[in-house]
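User: Could you take a close look at one spot with an unusual backbone for me, and then connect it to the rest of the model? I work on the computational side, so please give the cut-offs as you go.

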Amino acid sequence: MSRETKGDVGPRAGDGPRSVEGVIAEDVKTLHSMGYAQELLRRMGGFSNFAISFSIICIIAGGITSFQMGLCSVGGAGIGIGWPVCSALSLCIALTMGQVASAFPTAGGLYHWASILGGRGFGWATAWFNLIGLVTVLAAINVGAYLFIMSSLGPLFGVDIARMDPNQALLTQIVGVTLITGTQALFNHLGIRVTTLLTDFSGYLILVVSVLLTVAMLFYAPQIDLGRLVTFTNYSGPKGGDVWPETGSMTMLFLLSFLLPAYTITGYDASAHTSEETIGAAETVPRGIVRAVLVSGVFGWLMLSAIVLAIPNMDEAASKGGGVFFWIMEGVVPEQVRIALYAGISIAQYLCGLATVTSASRMTFAFARDGGLPFSEQLRKVSPKFRTPATAIWVVSALTVGFTVYTPVYSTITAVCVIFLYISYVMPTIMGVRAYGRTWVTMGPWDLGPLYRPLAIISVLACLMLIVVSVQPPNDKALVIMLIVFAVTAVVWFALERRRFQGPPQGVMIQQRAREIAEAERAVGQVAAGGDR
């Protein structure tokens, strides 16, 4: 066990019942009490659990590739005011999510919580919405990473996608996204040790690069006008590079600016999805979720505010639309510094996608383990050698590439992922508000006490608001996709799954699974309670 892992758990090996081995044994016992085997390798410490969510949020991925969504709405105020307001709402969601994660520390998180608190039908729907959100957010991350890499570093090698024939550009994008996603899947297949090493590195890299970018922007800024961060300017239509349609409603434009932080600060449910690989999950996972959101909110605001302050001319910058970040960098930052920052950002964006593959595959594994997916028997299989859900990893990656072929437009992909992720976030919260203190009376060690219910209500209202904003023009296609998914989900549940799907094991089912649990653990080499190979 590494020093970092021991330190994150708290007690050291040999300290009695709270030694690392003792904590793992308690984790396994808790998992058994919920009817599941310890098939995945439990070795993630506190920093690693934080880092996987922090890597998926990745302020130098979504914060930069979607920068125009904030700036080209109401100008500097979209960053200076819109980002912290939406970040505070995300923190409310993270706090309430942490309380439920502490009580039910399993892979699949949201699905399991919704099933226990609201019933198997509610859990089944939550699982599907969360899976769709995870697949589409992975698509958005990897398309964004491809476009950023090709736009920033491609010209250094004589490749300019802006000058390509549209068909050639699309084919090149498909090939590029396939290579990115495929290698991410390969690293995930090789085990949580490899993934943890890379996501830990990603956590440090994001902090370092965001600080360096912030310092560079402030140092090279032609002038610094703090008033920009609270100034509202209508940049809809051509004035803002047609990022948002022409409108006279500053209120709507301000709400649209929320899509920048809403898209960026997503995926923190990854800490919950890796609960079965985390040591001391009931305490570590909630901290990982909340810290990831809090740190991302603060560092993201400082970084993006610095970018706004460095802009030579606000009107000209807004008119650049989706190319605004590169225009700012080229106009402000010297070439050698710019290339070094581009390289760091590109690596972080790649690792952001890698962490998302981890999260999405664990969700797939957990849902398939309860028979919720087609071909569940294959999707739930864990590699005895690497202790990873190998089939789920590759299927998720293939679906991601397929979605980018169907919807190659970046803004639509981001809108779709925001919609389905926030729907899946809000569903267990709604059930938690209803069940809290009634059918849900046993809390985990992370307990908000009387604050839970008001924070949960704020979270529900915030999620609903973000869903409404996400389907506004020009993202009409996202609304169509959402309605189709709702209709298909309802038909499939009432026609088929309502009679077949049993949901997570409860009551006597848990006791009946003892033999299955023992067999599943022997198959992957889990030699004893808490004894990973």
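Analyst: **From one loop residue outward**

F375 is exposed, with a relative accessible area of 66% (exposed means over 50%, buried under 20% and partly exposed in between, using a 1.4 Å probe and protein chains only). Before going on, please keep in mind that this is a predicted model: local features need pLDDT of at least 70 and side-chain atom pairs count only at pLDDT 80 or more, while totals for chains, interfaces and linings use all residues. Residues are numbered from 1 along each chain as its sequence is written, and side-chain values use heavy atoms, with hydrogens and water left out.

F375 sits in the loop between α17 (335–369) and α18 (376–379). Helices here are DSSP runs of H or I with at least four residues, strands are runs of E with at least two, and both are numbered from the N terminus. What catches the eye is the backbone of F375: its phi is positive, at about 60°, although it is not a glycine. Most residues other than glycine have a negative phi, and most peptide bonds are trans.

C58 makes a nice partner for this story, as it also has a positive phi, about 40°, without being a glycine. The setting of C58 is a helix, α3 (residues 46–65), and C58 counts as buried because its relative accessibility is 0%. There is a peptide-bond oddity too: the bond from P473 to P474 is cis, with omega near 10°. P474 lies in the loop between α21 (452–470) and α22 (476–500).

Another loop worth a visit joins α20 and α21, where P445 is found. P445 has a relative accessible area of 53%, so it counts as exposed. Even so, P445 touches S102, A282 and E283, leaving out residues up to four places away in sequence (a contact means heavy atoms within 4.5 Å). From P445 to T183 the C-alpha distance is 38 Å, with their positions 262 residues apart in sequence.

A103 belongs to helix α6 (residues 82–103). Its contacts beyond four places in sequence are W440, T442, M443 and G444. A103 is buried, because its relative accessibility is 17%. Its C-alpha is 15 Å from that of P504, and these two residues are 401 apart along the chain. For V74 and Q502, 428 residues apart along the chain, the C-alpha separation is 48 Å.

V74 itself is in helix α4 (residues 67–74) and is buried, with a relative accessible area of 0%. Beyond its neighbours within four places, V74 meets T231, F232, T233, Y235, M250, L253 and F254. T195, in helix α10 (residues 192–220), is buried at 1%. T195 contacts F187, N188, L354 and T358, again not counting residues up to four places away.

Now for the interior. The largest nonpolar core has 152 residues, and those with the most contacts inside it are I60, L213, M217, Y268, F325 and Y422. Such a core is a set of buried Ala, Val, Leu, Ile, Met, Phe, Trp, Tyr and Cys residues joined through side-chain atoms within 4.5 Å. Helix α20 (residues 410–435) gives the largest share of this core, 16 residues. Y268 shows how densely connected a member can be: outside four places in sequence, it touches S53, I57, S90, I93, A94, M97, I289, V293, Y422 and Y425. Apart from this core lies another, of seven residues, including M44, I56, I192 and A270.

Stepping back to the whole chain, it has 24 helices and zero strands. Its radius of gyration is 23 Å, close to the 24 Å that the globule rule gives for 533 residues, so the chain is as compact as a globular protein of that length. That radius is taken over C-alpha atoms, and the rule is 2.2 Å times the number of residues to the power 0.38. The C-alpha atoms fill a box of roughly 65 × 50 × 45 Å along the principal axes. Buried residues account for 60% of the 533. Of the contacts between residues at least 6 apart in sequence, 83% join residues at least 24 apart.
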